[in-house]
Amino acid sequence: MRPSHRYSPEGTASAILLLILIGIVAVQILGRTPLMQGPVWTEEAARWVWVWMAFLGIAEVERQNRHLRMGFLGAMLPRRIRTVVFTGVDLAYLGVMAQLCWVGWQTVERTLDTASVTLPLPTAALYGSAFLSSILVIHRIVRRILAGESGNIDGSEVL
Amino acid sequence: MTLLIIGGLWLVLMLVGVPIGIAMIFVSLGYFWYAGRGMFLAVQRMVDGLDSFPLLAVPLFILAAAILNSAGITNHLFGFARALVGHVRGGLGHVNVLASLFFSGMSGSALADAGGLGKMEIEAMRKAGYDDDFSGSITAASSIIGPLVPPSITMVLYGVIANVSIGQMFLGGVVPGVLCAVALMVMISIIARRRDYPRDPRQSLPEISRLFWKSLPALLTPLVIIGGIFSGYFSPTEAAAVTVLYAILIDLVFYRELTWRRLWDAVYETSATAASIATIVAGVSLFSFIFAREQAPQQIAEVFLAIADSPLMFLIAVNLMIFVLGCFIEALVILLVIVPILVPIASTFGIDPIHFGIIVVLNLMISIMTPPMGMALFVVSQVSGIPFQRMAWAIIPWLIPPIVVLILVCVFPVLATGLPSLIR
């Protein structure tokens with residue numbers, strides 16, 4: 001399945017975070033030169049931005065249905081059977097994501113009072129990425145099931 | 001028993017077509033639910049698994065390769081390689097390998113090489129009268145040089161999981177990478193003579209010089225990366241960011257082919273690709289917790305200690321295992337799930353972690369050429385229109401050169417550790 005729109009809000013946010021990530025790492029490098037006083041927050045900020053970028057990106061990967069997969073056996077199934085099987089998989093996936101969403105929220109609540117090492121934020125701000133991502137992924141799975149596109153495997157490879 | 005059930009369930013889910021990382025999360029949550037504990041820490045483990053500074057190098061190196069491909073720098077590298085060795089019999093085969101070697105100094109991904117350079121290389125070879133099976137196989141085989149010569153995304157991931165210096169890994173891959181290129185070129189020479197493949201007219205020295213100067217800014221990338229890391233100016237992660245900025249800079253100054261739209265698309269695609277890898281890393285974090293609880297490393301170590309009584313026997317067993325698994329399981333999964341268990345066992349046999357890492361990376365790269373799960377074959381088939389089944393048969397003789405290099409690296413550790421030990 002290829003999405004009808006080229007860009008999505010979650011994909012755009014993830015891409016912007018990647019640009020911010022490059023900026024933060026550049027500041028970290030410049031911080032070691034005589035040009036700047038070495039800031040202490042850059043490494044933690046870069047890690048947090050990467051985690052947010054990755055979790056928002058997972059929702060975009062879900063939208064594009066291009067998770068890394070071994071789809072050859074599934075692809076051999078007749079179209080209708082494939083749709084039934086993958087709708088079942090998507091329903092189970094919904095359950096798993098709902099569980100992760102709940103656990104994610106509990107994690108956010110548990111870490112609200114835990115301060116980050118160098119950033120003026122609680123670590124809940126980091127774990128919130130997984131919570132938000134699970135909501136976005138649930139949204140994409142529901143849309144896929146409703147559109148009857150669960151059997152459309154379009155695996156992609158990255159390394 | 002629990003481990004077998006977990007592994008079996010995961011395999012079944014993957015074979016059905018459930019995404020690899022998602023299948024890990026499925027199985028892990030099932031385990032936590034069944035065990036009645038661990039569930040409340042699931043999200044924390046997934047986030048903490050990603051919260052690693054060296055891991056940042058992965059999206060950054062992917063982005064650098066995407067920018068270089070978008071900016072058309074591959075065209076210049078191909079042109080320069082063609083001017084250098086195109087006049088030899090079967091010249092375009094040699095050009096294919098040499099261009100991959102040049103590109104590997106900028107990209108850490110075999111599939112970026114196969115997808116970016118591959119299309120152009122195969123089209124040129126078709127026009128010159130080369131067989132499709134020859135052109136496609138060389139393109140797939142030469143793409144494995146990418147992750148051996150720095151920078152390398154696979155080495156970054158190995159460095160993270162094995163807790164070894166990524167800079168040392170980068171250096172360790174140089175000699176095996178060059179050896180792979182040489183071995184492939186020897187094979188090309190033999191086949192080109194037998195099939196009487198054509199050669200390009202020899203280029204004049206001023207023309208070679210002109211193409212060299214045109215390619216030079218791109219060719220300098222590995223020097224920027226390695227030089228920066230070993231002079232202490234930046235870490236491998238920072239080197240990845242510098243590579244991105246350098247790729248944009250050389251395009252702005254020299255090539256001027258990158259548009260805002262292309263740059264944005266490269267960033268957009270990279271963030272999704274990196275997220276796809278991140279899903280697996282997050283899933284592996286959950287798996288690692290289960291493996292630790294079920295004492296998987298100890299159980300697997302016992303198996304290896306029972307069948308191997310020397311470092312060489314251990315390496316043979318590991319290589320056979322990775323090779324067989326690599327035919328059916330994606331290289332990234334083997335790297336993230338299986339290799340972390342093997343690294344401590346390799347240490348108990350006294351094997352240098354850099355040496356072991358280079359062997360693993362080389363073998364994993366061979367696995368992207370082996371059907372039915374050879375991802376390089378899929379990519380080459382996709383960009384060239386050569387049927388996958390044809391590629392799957394044609395690639396078999398081309399496994400010989402990298403396997404020979406793998407054997408050499410196993411037997412002579414200095415091939416992997418020599419260069420890093422000079423800089424240590």
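**Entry 1: the second largest cavity**

I opened my notebook on the second largest cavity, where H4(A) gives the most to the lining, with four residues. A reminder to myself before going on: this is a predicted model.

How much space lies in the second largest cavity? I noted about 100 Å³. I then looked up who stands around that space and found 13 lining residues. Those nearest the centre are Asn65(A), Arg69(A), Phe86(A), Asp90(A) and Arg144(A). Sorted by class, the lining of the second largest cavity has five nonpolar, four polar and four charged residues.

I also wrote down why I can speak of empty space here: rolling a probe the size of a water molecule over the atoms shows where such space is left.

**Entry 2: the largest cavity**

Next I asked how many cavities of 30 Å³ or more there are, and the count comes to two. The largest cavity holds about 130 Å³ of space.

I listed its lining and got 15 residues. Phe55(A), Ile58(A), Met97(A), Leu100(A) and Met46(B) lie nearest the centre of the largest cavity. Chain A supplies at least two lining residues from each of helix H2 (42–64), helix H4 (79–110) and helix H5 (124–146). Chain B does so from each of helix H2 (20–35), helix H3 (42–50) and H15.

Which element gives the most to the lining of the largest cavity? I found H5(A), with four residues. By class, I sorted this lining into 12 nonpolar residues, three polar ones and no charged ones.

**Entry 3: the second largest pocket**

I moved on to the second largest pocket, which has about 590 Å³ of space. Five elements of chain B give two or more residues to its lining: helix H1 (2–16), helix H15 (260–293), helix H16 (296–307), helix H17 (311–328) and helix H18 (331–348).

I counted 19 residues in the lining of this pocket. Nearest its centre I marked Leu3(B), Gly7(B), Phe291(B), Ile300(B) and Ile338(B). H1(B) provides the largest share of the lining, seven residues.

What classes of residue line the second largest pocket? I wrote down 16 nonpolar, three polar and no charged residues.

**Entry 4: a nonpolar patch outside**

On the surface I found a nonpolar patch with about 970 Å² of accessible area together. Its members include Leu312(B), Met313(B), Ile316(B) and Leu320(B), and also Ile400(B), Val404(B) and Phe412(B). At least two residues of the patch come from H17 of chain B, and at least two from helix H22 (400–411) of chain B.

Which helix gives the most to the nonpolar patch? I noted H22(B), with five residues. Ile407(B), a patch member, is found in helix H22 of chain B.

**Entry 5: salt bridges**

I looked up the total for all chains and found 15 salt bridges. I picked out a few to follow by eye.

The first on my list joins Asp51(B) and Arg47(A), with the closest N and O atoms 2.8 Å apart. This pair crosses between chains, from the loop between H3 and helix H4 (57–70) of chain B to helix H2 of chain A. Are these two residues buried or exposed? Both Asp51(B) and Arg47(A) are buried.

Then I took Arg66(A) and Glu269(B), whose closest N and O atoms are 2.6 Å apart in their salt bridge. Arg66(A) lies in the loop between H2 and helix H3 (72–76) of chain A, and Glu269(B) in helix H15 of chain B, so this pair joins two chains. I checked the cover on each partner. Arg66(A) is buried because its relative accessible area of 8% is under 20%. Glu269(B), at 36%, is partly exposed.

My next pair was Glu207(B) and Arg210(B), whose side chains meet in a salt bridge at 3.1 Å, N to O. Why are they separated by about one helical turn? Because Glu207(B) and Arg210(B) are three residues apart in helix H12 (residues 205–219) of chain B. I found Glu207(B) partly exposed, with a relative accessible area of 24%. Arg210(B) also counts as partly exposed, at 47% relative accessibility.

To finish, I noted that salt bridges with shared partners join Glu62(A), Asp90(A) and Arg144(A) into one network. I had already met Asp90(A) and Arg144(A) in Entry 1, among the residues nearest the centre of the second largest cavity.

How values were computed:
Residues numbered from 1 in each chain as written. Chains lettered and ligands numbered in written order. Predicted model: local features only at pLDDT ≥ 70, side-chain atom pairs only at ≥ 80, totals over all residues. Heavy atoms only, no water. 1 Å grid on protein atoms, 1.4 Å probe; cavity = no way out; pocket = protein on both sides within 12 Å on 5 of 7 lines; lining within 4 Å. Points joined across faces, edges and corners; volume = space filled by probe spheres on them. Nonpolar A, V, L, I, M, F, W, Y, C, P; charged D, E, K, R; others polar. Patch = residues over 30% accessible without salt bridge, like charges linked within 9 Å, V, L, I, M, F, W, Y side chains within 5 Å. Areas by Shrake-Rupley, 256 points an atom, 1.4 Å probe, with all protein chains shown as cover. Salt bridge = Lys/Arg side-chain N within 4 Å of Asp/Glu carboxyl O. Buried < 20%, exposed > 50% of the residue type's maximum accessible area, 1.4 Å probe, protein only.
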